[in-house]
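Reader: I would like a close look at one part of this protein, a place where two helices pack. Please take me through the geometry and the residues involved.

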Amino acid sequence: MARPDRRRLQDMTAAELAPLERLLDPQYPERLADVATVLYIELLNHAHTVEAAAPLALALTEAVRDELGGQRMYVTKGLQLTLSKRDMEIYDAFNGRNQHLVARQFNLCEERVRQILRRVQAARTAELQRTLPLEQPAG
């Protein structure tokens, strides 16, 4: 789940994006400008100043272009990683009595929260309790 204080592209104003826009040549490729913008926002999210974030975002974008330019590339959303992080956040937020609140916080139904809690608990238990050599793993 995204941090509530994290800036996102759709929340940025033209004035907030202007320092980066001033550094981009009008002929700069649109996709690379998109990458620079995402990097710029993320640098701002990590407490970089606007003065530092804009040139650094452009430099990082140029490094990506230099290293990966000319390649056709698909950028995955990393759904499985996101789900795993989210599931651990749900598990950590659950105190044994607040299932309804956790469901609302993560925009899920209570049944889905129960499923996630069971799956995370089973994985944690399996990690902590190794099977004996003679035991057959459940599965």
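Author: A definition is needed before the angle can be read: angles under 35 degrees count as roughly parallel, over 145 as roughly antiparallel, 65 to 115 as roughly perpendicular and the rest as oblique. The model is predicted.

Two packed helices are described by the angle between their axes and the distance between the axes. Here the pair is α1, residues 14–23, and α2, residues 30–45. Their axes lie 11 Å apart and make an angle of about 120°. α1 and α2 are therefore oblique to each other. The crossing of α1 past α2 is right-handed.

As for the residues, α1 contributes E16, L17, P19 and L20 to the contact. On the side of α2, the partners are A36, T37, Y40 and I41. By class, the contact of α1 with α2 holds six nonpolar residues, one polar and one charged. The charged residue is E16 and the polar one is T37.

The rest of the chain gives the setting for this pair. The protein chain has six helices and zero strands, so its elements read α-α-α-α-α-α from the N terminus on. The chain has 139 residues, and 24% of them count as buried. Its accessible surface comes to about 10800 Å², and carbon and sulfur atoms account for 56% of that area. Among contacts in the chain with a separation of 6 or more, 49% join residues 24 or more positions apart.

Notes. Residues numbered from 1 in each chain as written. Predicted model: local features only at pLDDT ≥ 70, side-chain atom pairs only at ≥ 80, totals over all residues. Heavy atoms only, no water. Axes fitted to C-alpha atoms, helices over the stretch in contact; angles between N-to-C directions. Helix = DSSP H or I, 4+ residues; strand = E, 2+ residues; numbered from the N terminus. Left-handed = near helix turned anticlockwise from the far one by under 90°. Contact = heavy atoms within 4.5 Å. Buried < 20%, exposed > 50% of the residue type's maximum accessible area, 1.4 Å probe, protein only. Areas by Shrake-Rupley, 256 points an atom, 1.4 Å probe, with all protein chains shown as cover.
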